[in-house]
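Subject: Structure handover and notes

Hello,

Please find the structure below, followed by notes on what was found in it. Let me know if anything in the notes is unclear.

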Amino acid sequence: SDLPGFLRLIPMKADNLLDARNTLTQRMQDKSLEFTVRVDLKGMREGVHAGIAMFEKADSGLQVVETDGKWQLSLFRGSEHVQGPEVINNILLLRLSVRGDQVTYFYSLSDRGPFQQLGGTVPITFSWGAGARPSLFAYTTEAGPKAWVDFDWVHYRPLASLAP
């Protein structure tokens, strides 16, 4: 349907995640957790970056970027990127898994899995008053027609077996 999902983000102009002004964050409630989101890319346009991240001093995350009419998945940590697969369907699942002071990123190119890891484990740098936080984001580096990204649902799951 054309109804917005759980959350519709309208990308605002920014050069990178730390400059984006419409990033939604969730304070961590547990030392070990999984944060999974269903993303609908149907409203993306050229230059839009959207995905999940650990919002912290040294940003890292999984993003889909639209370039030349194609959606490309990548893992980023600051200015470093690990290229993932091209995204063919407009629906995908993104997941981050925090275990102590490290995060690992996963994706599924369908609603049903399986999840694949992209890149290695990334250290988390706790900073600022609110600490490191899982986040959803959408920003654009290009001026152009109106775009949007729907985040249809978010699941936050503590990994109790790893918590002290």
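A search of the whole structure finds 2 aromatic pairs; rings of Phe, Tyr and Trp (for Trp the six-membered ring) pair if their centres lie within 6.5 Å, with planes under 30 degrees apart counted as stacked, over 60 as edge-to-face and the rest as tilted. Phe76 and Phe137 are edge-to-face, because their ring centres are 6.0 Å apart and their planes stand at 85°. Phe76 lies in strand 7 and Phe137 in strand 13, so this pair ties together parts that are 61 residues apart in sequence. Strands here are DSSP runs (E, at least two residues), numbered from the N terminus. Both rings belong to buried residues: Phe76 has a relative accessibility of 4%, and Phe137 one of 0%. Buried means under 20% relative accessible area, exposed over 50%, and partly exposed in between (1.4 Å probe, protein chains only). Phe76, Phe137 and Tyr139 form one aromatic cluster.

Before the rest, a note on the basis. This is a predicted model, in which local features need pLDDT of at least 70 and side-chain atom pairs count only at pLDDT 80 or more, while totals for chains, interfaces and linings use all residues. Residues are numbered from 1 along each chain as its sequence is written, and side-chain values use heavy atoms, with hydrogens and water left out.

Nonpolar cores

A nonpolar core is a set of buried Ala, Val, Leu, Ile, Met, Phe, Trp, Tyr and Cys residues joined through side-chain atoms within 4.5 Å. The largest one has 33 residues, and Leu62, Leu73, Leu94 and Leu96 have the most contacts inside it. At least two residues of this core come from each of strand 4, strand 5 (48–55), strand 6 (60–67), strand 7 (70–77), strand 9, strand 10, strand 13 (133–140) and strand 14. Contact means heavy atoms within 4.5 Å. Outside its neighbours within four places in sequence, Leu94 is in contact with residues including Phe35, Val37, Ile52, Leu62, Leu73 and Phe106. A second, separate core of 8 residues includes Ala14, Ala53, Phe55 and Tyr139.

Salt bridges

There are 5 salt bridges in the structure, each being a side-chain nitrogen of Lys or Arg within 4 Å of a carboxyl oxygen of Asp or Glu. Arg95 forms one with Glu34, with the closest N and O atoms 3.8 Å apart. Arg95 is in strand 9 (residues 91–99) and Glu34 in strand 4 (residues 32–40), so the pair ties together parts that are 61 residues apart in sequence. Arg95 and Glu34 are both buried, Glu34 with a relative accessible area of 13%.

Glu34 also forms a salt bridge with Arg157, where the closest N and O atoms are 2.9 Å apart. Arg157 belongs to strand 14 (residues 149–158), so its pairing with Glu34 in strand 4 ties together parts that are 123 residues apart in sequence. Arg157 is partly exposed at 43% relative accessibility. Glu34, Arg95 and Arg157 are thus linked in a network of salt bridges.

Arg38 and Asp111 meet in another salt bridge (2.9 Å, N to O). Arg38 lies in strand 4 and Asp111 in the loop between strand 10 (102–108) and strand 11 (116–117), so this pair ties together parts that are 73 residues apart in sequence. Arg38 is buried at 18% relative accessibility, whereas Asp111 is partly exposed at 38%.

Charges over rings

A charge sits over a ring if NZ of Lys or CZ of Arg is within 6 Å of the ring centre and within 35 degrees of the ring normal. The charged end of Arg95 sits over the ring of Phe115, 3.9 Å from its centre. Arg45 lies over the face of Trp148, at 5.6 Å from the ring centre.

Strands 5 to 7

Strand 6 is largely enclosed by the rest of the structure, because 7 of its 8 residues are buried. Two strands pair if DSSP finds at least two bridges between them. Strand 5 and strand 6 pair in the antiparallel sense over 6 bridges and form a hairpin with 4 residues between them; Met54 stands opposite Ser60 in strand 6. Strand 6 also pairs with strand 7 in the antiparallel sense, over 8 bridges, and Glu66 has Trp71 in strand 7 as its bridge partner. The hairpin of strand 6 and strand 7 has 2 residues between the strands, and Asp68 in the turn has a positive phi of about 50°.

Regards
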